[in-house]
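Hi everyone, thanks for making time this morning. I'd like to walk you through one structure, so please have a look at it with me.

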Amino acid sequence: MPGGRAGAEELLGRVLDAAGRESWDVPPRRVAAPGSAYERELAAARERSGRDEAVATGAGLLRGRRVAYVVSEFGFLAGSIGVATADRIVAAVERATAEGLPLVAAPSSGGTRMQEGTLAFAQMARITAAVTRHRAAGLPYLVYLRHPTTGGVFASWGSLGHVTAAEPGALIGFLGPRVYEGLYGEPFPEGVQRAENLFDKGLVDAVVGVDDLGAVAAGALDVLCARTPPPSPPPPPPPAERREPVRPPDQGPAWDSIERSRRPDRPGVRELLRYGAARVTPMSGTQQGEADPGVLLALARFGDAPCVVVGQDRRSQREGHLLGPAGLRVARRGMSLAAELGLPLLTVVDTPGAVLSAEAEEGGLAGEIARCLADLITLSAPTLCLLMGEGTGGAALALLPADRVLAARHAWLSPLPPEGASVIVHRTPDRAPEMAAAQGVRSADLLGNGIVDALVDERPDAAEEPEAFCRRTAAAIGEALTALAALPPAERLARRTARYR
């Protein structure tokens, strides 16, 4: 219980009625190798916290109304989200949806679990999909942000509440201040990531103490649950499509791919459109007075396949225009356009990460990442993602979940730049190559774990053959878009639902 703050059990005892609480927790799946250091860390976390995972789920009475809950336990590995943690959250959200219950979430987490690397990071899309289905059923989702809530948790299920409150004085932000200081050698501006500042900026609806939370939540639910007649909950998602294990191709060390992806002469989305697309019509901004050079929005054809393109522009980002909230709103404009016109959407992920600044935090960066995830997962149009180069953090994840995902051979995906992961685990950025290998960030690892579906070769490096690489990639895009467009919409959407379940 950090800083005297309430842990999961104490919070539930202070917010819910004394009677009628039931746990939905089941024993978590085994995620650590026998005898490994991670297995020892999990055992120590269980002993210290008295819990078997970093989240408690169940149902109880809130001023007499039955609600479901998902409450983080920060004392268990800093409330971090691993695969087993995500299993528990998703199961609880889906049960709440099936039973027609309002859902109260109270995260307190440093983000995704470094010991499980990119696979844990990808769970944020899975949790977002479950929460989005819950909301689509017309069921209330209330969020109480506790101290601290940072990283992927804040940028996904922590930012999707119909009503969002925060604990007084809570640290709430996209990037943890220790990582920022480790990467940039200076502290993050004081006060920006505090609950009271987020309230002043309109990013949370209220700052509420734990002992007042029950009354505030009950009052909101009295209105939110008054819809008549309530919509029927959606049918349970179909089982995931059975996939044969994929044997990843031979590939060099992760750090080799990271260094290649960072070459200034590596082709990006501009070159992809120049060499591989036809009928390119560039578009600009959100149409609401915002623009971001880090995001390219266009209409284009790849072979016979038309599409809307939302691409992260590596050149503009290298020139200092890192992605901010406005860039993600540009991306959401592209999603809306694809849905309205029934055109396939192509997203191109190629980013060193979102801008890390006080302005971005106060501009709602984490919330825009969460809304991009939710929009993309539920989009009616066919969706294709190309992981083209760097894939760092929430900015990359925001454009990742699609019907099909392609990756360039030296592309990669990570919850943080490897240097940032090294700061968290080793207190120094100098062990970044070791962290990249341990976290499974390479395209071959992503293929083996089912995060991507196919690789586009580099011979040996896209920077050495930019035109040939872009034409080869464009051909793969055209084939994938054509195949997706041929699927009946109901079947395609069912497959996507199963994929991100």
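I'll start with a sheet and its helices, then turn to two more helices and a few single residues. Please keep in mind that this is a predicted model.

So, the sheet. It is an open one, made of 7 strands in the order 1-2-3-4-5-7-9, and the pairing is mixed. Which strands stand at the edges? Those are strand 1, residues 22-23, and strand 9, residues 206-207; each has a single partner strand, so one side of each is left without a neighbour in the sheet.

Let's go further in, to strand 3 and strand 4. Strand 3 covers residues 65-72 and strand 4 covers residues 103-106, and the two pair in the parallel sense over 4 bridges. If you want a place to rest your eye, find Ala 68: it stands opposite Leu 103 in strand 4.

Now add the helices. Helix 1, residues 8-15, lies across strand 2, strand 3, strand 4 and strand 5, and it runs at about 160 degrees to strand 3. Helix 3, residues 83-99, also packs on the sheet, where it touches strand 1, strand 2, strand 3 and strand 4. Its direction makes about 25 degrees with that of strand 2.

While we're on helix 3, take a look at Ala 86, which is found there. Is Ala 86 buried or exposed? It is buried, because its relative accessible area is 0%, and the cut-off for buried is under 20%. Leaving aside neighbours within four places in sequence, Ala 86 is in contact with Ile 81, Gln 123, Arg 126 and Ile 127.

Three of those names lead us on to helix 5: Gln 123, Arg 126 and Ile 127 are among its buried residues. How many of the 14 residues of helix 5 are buried? The count is 12, so this helix is mostly covered. Its length works out nicely too: at 1.5 Å a residue, residues 123-136 should span 20 Å, and the end C-alpha atoms are 20 Å apart, which agrees. After the helix comes Gly 138, with a positive phi near 80 degrees.

Let me do that length check once more, on helix 13, residues 325-341. Its 17 residues should span 24 Å, and the end C-alpha atoms are 25 Å apart, which agrees. The buried residues of helix 13 include Pro 325, Leu 328, Arg 333, Met 335 and Leu 337. What do the buried residues of this helix pack against? They meet strand 10, strand 11, strand 12 and strand 13, along with helix 14 and helix 15. Just after helix 13, Gly 342 takes a positive phi of about 70 degrees.

Finally, two loop residues. Ser 414 is found between strand 15 and helix 17, and it is buried, with a relative accessible area of 0%. Its contacts, leaving aside neighbours within four places in sequence, are Thr 118, Phe 121, Gly 391, Thr 392, Gly 393, Gln 439 and Val 441. Pro 253 sits in the loop between helix 9 and helix 10, and this residue is exposed, at 58%. From Pro 253 to Leu 299 is 46 residues in sequence and 36 Å in space, C-alpha to C-alpha.

One last stop is for the ring fans: Arg 274 lies over the face of Tyr 275, at 5.7 Å from the ring centre. Thanks for listening, and I'm happy to take questions.

Definitions and conventions
Residues numbered from 1 in each chain as written. Predicted model: local features only at pLDDT ≥ 70, side-chain atom pairs only at ≥ 80, totals over all residues. Heavy atoms only, no water. Lys NZ or Arg CZ within 6 Å of the ring centre and 35° of its normal. Pairing = 2+ DSSP bridges. Contact = heavy atoms within 4.5 Å. Axes fitted to C-alpha atoms, helices over the stretch in contact; angles between N-to-C directions. Buried < 20%, exposed > 50% of the residue type's maximum accessible area, 1.4 Å probe, protein only. Expected span 1.5 Å × (residues − 1).
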